[in-house]
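Me: I'm new to reading protein models, and I'd like a close look at one loop that caught my eye. Could you start there and then walk me through whatever helps me compare it with other parts?

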Amino acid sequence: MPDVVDNVLGVASAEPGAILYEASEKLREGATGVYEYIRMIEDQMEKAVRQCLLAAAHQFSIDSQKKLLKAAALGKSLLRRLDASQFVDICRVIRVLNSVRKPYVGLALSFAQCEELKMNCLVDRLIDLGHWPLAIAICRYIKEPSKKGIHRVLAHWSLKKVTSFTHVAMKAADANLNELAEFLLEKETHLSRQVEMLLKLNKPERALAKAARSQKPDLRKQPVCLLNLSAVN
């Protein structure tokens, strides 16, 4: 058992987090004595909140998580100033961990393991297991930049499910997702397909740069024509 969990939930613990948790439980049960418990730790409330948050993060039981988060929320409400970012971050991690622990995913990942691996490694694991929708949902939830998150997941999905990245890039372009379309094209290994798609995306300069790598003069003709036409207009 991690020390922070023992500090809060351990028998006869006198840590601020344990007292805050007890106060929260008494409040939930409608029992008396809540104020006395709060007074005992009023000058250590930040520590108490932090301990309850971390203890919640280490729990696998959703019911235990909720109780500890309620205790943390109680302490937070009694503080005039508190950086709410840790509260938000911990809640976000807990929600992600709960989602990957579901039976259909089967990743019994602990908070400590998640902290060591980092979220991008967790997303990679979901990609390897073929849980692309969940990987995308997590990328959105943790607000991962598109190129490192959703676009990367879609690129891997494309590689598994379709014959070429160009096909998926075209679908992305049709949906006005041009940034995603260009990202997928970078994964395409056929230069001719890249050039054709870049022209459809109205990127003649990039198409010409790609075409210049090939030894096919015909591949360079269309980008050059489009550039000349643009210059005339």
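Reply: Let's start in the loop between helix H1 (3-9) and helix H2 (16-29), where Ala12 sits. Keep in mind that this is a predicted model. Ala12 has a positive phi, about 65°, even though it is not a glycine. That deserves a second glance, because most residues other than glycine have a negative phi. How buried or exposed is Ala12? Its relative accessibility is 76%, which is over the 50% cut-off, so Ala12 counts as exposed.

Now move along the chain into helix H2, where you will find Ser24. With a relative accessibility of 7%, under the 20% limit, Ser24 counts as buried. The C-alpha atom of Ser24 is 9.2 Å from that of Ala73, while 49 residues separate the two along the chain.

Positive phi values turn up elsewhere too. Lys118, in the loop between H7 and H8, has a phi of about 75° and is not a glycine either. Lys143, just after H9, takes a positive phi of about 60°.

Lys118 leads us to the largest pocket, since its name appears in the lining together with Asp89, Arg92, Val93, Cys114, Glu115, Met119 and Ile142. The volume of this pocket is about 170 Å³. Which helices contribute to its lining? Helix H6 (85-100) and helix H7 (111-117) each supply at least two residues, and H6 gives the largest share, with 3 residues. By character, the lining divides into 4 nonpolar and 4 charged residues, with no polar ones.

One member of that lining, Arg92, has a second role to look for: Arg92 lies over the face of Tyr141, 5.8 Å from the ring centre. Arg101 makes a similar arrangement with Phe60, lying over the face of that ring at 3.9 Å from its centre. Pairs of aromatic rings, on the other hand, come to a count of 0.

Cys114, another lining residue, brings us to the cysteines. The count of disulfides is 0. Cys121 is in no disulfide, and the nearest cysteine sulfur, belonging to Cys114, is 9.7 Å away. A disulfide would need the two sulfur atoms within 2.5 Å. Cys121 has a relative accessible area of 34%, between the two cut-offs, so Cys121 is described as partly exposed. Cys139 counts as buried because its relative accessibility is 2%.

Cys139 belongs to the buried residues of helix H9 (residues 132-141), along with Trp132, Leu134, Ala135, Ile136 and Ile138. Here a general rule is handy: an α-helix has 3.6 residues a turn, so residues three or four places apart point the same way. Try looking along H9 on your screen and picking out its buried residues, including Trp132 and Ile136.

Finally, compare the loop you asked about with the one between helix H8 (119-128) and H9, where His131 lies. His131 has a relative accessibility of 17%, under 20%, so His131 counts as buried, whereas Ala12, back in your loop, counts as exposed. The C-alpha atom of His131 is separated by 9.8 Å from that of Val100, and the two are 31 residues apart along the chain.

Conventions:
Residues numbered from 1 in each chain as written. Predicted model: local features only at pLDDT ≥ 70, side-chain atom pairs only at ≥ 80, totals over all residues. Heavy atoms only, no water. 1 Å grid on protein atoms, 1.4 Å probe; cavity = no way out; pocket = protein on both sides within 12 Å on 5 of 7 lines; lining within 4 Å. Points joined across faces, edges and corners; volume = space filled by probe spheres on them. Helix = DSSP H or I, 4+ residues; strand = E, 2+ residues; numbered from the N terminus. Nonpolar A, V, L, I, M, F, W, Y, C, P; charged D, E, K, R; others polar. Phe/Tyr/Trp six-rings, centres within 6.5 Å; stacked < 30°, edge-to-face > 60°. Lys NZ or Arg CZ within 6 Å of the ring centre and 35° of its normal. Buried < 20%, exposed > 50% of the residue type's maximum accessible area, 1.4 Å probe, protein only.
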